[in-house]
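Student: I've got this one open on my screen and would like to talk through its pockets and its ligand. Can you take me through it?

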Amino acid sequence: MTKRIETICLHGGYTPGNGEPRQIPIIQSTTFKYDSSAEMGKLFDLEASGYFYSRLQNPTCDLVAAKIAELEGGTAAMLTSSGQAANFFSIFNIANNGDHVVCSSTIYGGTFNLFNVTMRKMGIDFTFVTPNCSDEELEAAFKPNTKAVFGETIANPSLDILDIERFAKAAHAHGVPLIIDNTFATPINCRPFEWGADIVTHSTTKYMDGHGSAVGGAIIDSGKFDWNKYADKFPGLTTPDESYHGITYTERFGLAGAFITKATAQLMRDFGSTPSPQSAFLLNLGLESLAVRMKRHCENAYAVAEFLSKHEKIAWVNYPDLPGDRQHDLAKKYCPNGTCGVISFGVKGGRQAAEEFMGHLKVGMIATHVADARTCCLHPASATHRQLSDEELKASGVSADLIRMSCGLENAQDLIEDMAQALAQI
Ligand SMILES: *Cc1c(COP(=O)(O)O)cnc(C)c1O
């Protein structure tokens, strides 16, 4: 029986046997015991599947990863200790020193820094293109050493929506995969594999966990990208790995398993960005209610965006679900049931008014977090971007009056009344 997504949230990845725990068990153990060295040796050589050390794999984490794979419609998945680790692994698994990646320019600031500063130090080059660039500009960004294209379904915090189909076509025309960070949309509101993406990543810290309790990440493979067809571009997947006794990942694990097995066997082994089983358990509790919560986050954000857009003290509102928003057509195409709970807007009176407004909020909390069950807001110009001048802010797409509001699961009318009383005081 094919399960719908609401059902997968609850039942995906784990089917208990007779007398087994109803909830995913927390296997809080670093190591696993075997009767003979020969058996253990087979695991180390990836000749048998099983657990030996939780830095590489842990049963709790694997069950939760399997649920996320099912939610995204992928063939394999792994959890990581953070979204940063997931995005790093997704690129570093196929791009080495001397390689190049085409990337959307409106990605999350932490990812931009990882790519533009830290991964450049590793010798990986990036070309950034705006999500609404022309086909010619996109085409011109590719180089002979390009190994991947990267973007976010809904960008944090600009809320730009990527035309996934267009970027997938361009990537495939150059024989490379499209990697999509699907953190803000979640598989409830968009499944990038259905639009041609090949690899999906998540900061599970956001909506998937949803309660501000556990930092984490995930990588999911669609199993559709044919590494063998472009074998010369991806020798790490298609030629023997000497650090694993000459295993060739595509040969041994097929297209369905090669990418995630390599990322586990090499990158997790060497970098150790492993989530704890406790954190994976908390993430799974969040996943169980993800479909219900995403619907409510979107309804609340829509109600708040609509209220703000009609308020005389509000200069502008950015929420793709609003009719008339510059991104409304893309939102309707990729997220027909709603985008996410995050909106951004400007208060008339600029920086000063924005700070004052936020100070008067009673329900909305000031926090550098988004996608939480509780409404939280941030004024980037006085927080994450405070060292920038007004000119520099403009160049980075963050105006001095911009407030990012992540609408939680509260009563929508309470959120609106809270904002109304805060606006009345400025
Ligand atoms: C937060 C975030 C990340 C980074 O994830 P962490 O879990 O904080 O490491 C990556 N991508 C997007 C879109 C994010 O919002």
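**The second largest pocket**

Tutor: Sure. Keep in mind that the model is predicted. The second largest pocket has a volume of about 610 Å³.

Student: Which residues that line the second largest pocket are closest to its centre?

Tutor: The lining has 30 residues in total. By class, 19 of them are nonpolar, nine are polar and two are charged. Closest to the centre are Gln 57, Asp 62, Ile 260, Thr 261 and Thr 264.

Student: Which element gives the largest share of that lining?

Tutor: α3 (59–72), β1 (76–80) and α10 (249–271) each supply at least two residues. The largest share is six residues, and the element that supplies them is α10.

**The ligand**

Student: On to the ligand: which helix gives the largest share of the shell around it?

Tutor: There are 16 residues around the ligand, with Asn 156, Asp 181, Ser 203, Thr 205 and Lys 206 coming nearest. By class, the shell has three nonpolar, ten polar and three charged residues. The largest share is three residues, from residues 83–92, and that's helix α4.

Student: How much of the area that the ligand exposes when taken alone does the protein bury?

Tutor: Start with the polar contacts, where the cut-off is 3.5 Å between N or O atoms. Backbone atoms of Gly 83 and Gln 84 each sit 2.9 Å from a ligand oxygen, while a side-chain N or O atom of Ser 203 is 2.8 Å from one. Taken alone, the ligand exposes 380 Å², and the share of that buried by the protein is 92%.

Notes. Residues are numbered from 1 along each chain as its sequence is written. This is a predicted model: local features need pLDDT of at least 70, side-chain atom pairs count only at pLDDT 80 or more; totals for chains, interfaces and linings use all residues. Side-chain values use heavy atoms; hydrogens and water are left out. A residue is near a molecule or strand if one of its heavy atoms lies within 4 Å of it. A polar contact is a pair of N or O atoms within 3.5 Å; within protein, one must be able to donate a hydrogen and the other to accept it, and residues adjacent in sequence count only if both atoms are side-chain atoms. Accessible areas come from the Shrake-Rupley method with a 1.4 Å probe; for residues, only the protein chains shown count as cover. Helices (H or I, at least four residues) and strands (E, at least two) are DSSP runs, numbered from the N terminus. Ala, Val, Leu, Ile, Met, Phe, Trp, Tyr, Cys and Pro count as nonpolar, Asp, Glu, Lys and Arg as charged, and the others, Gly among them, as polar. On a 1 Å grid over the protein atoms alone, a cavity is a set of points where a 1.4 Å probe fits but cannot get out, and a pocket is an open set with protein on both sides within 12 Å along at least five of seven lines; lining residues have an atom within 4 Å of a point. Grid points are joined across faces, edges and corners, and a volume is the space filled by probe spheres set on the points.
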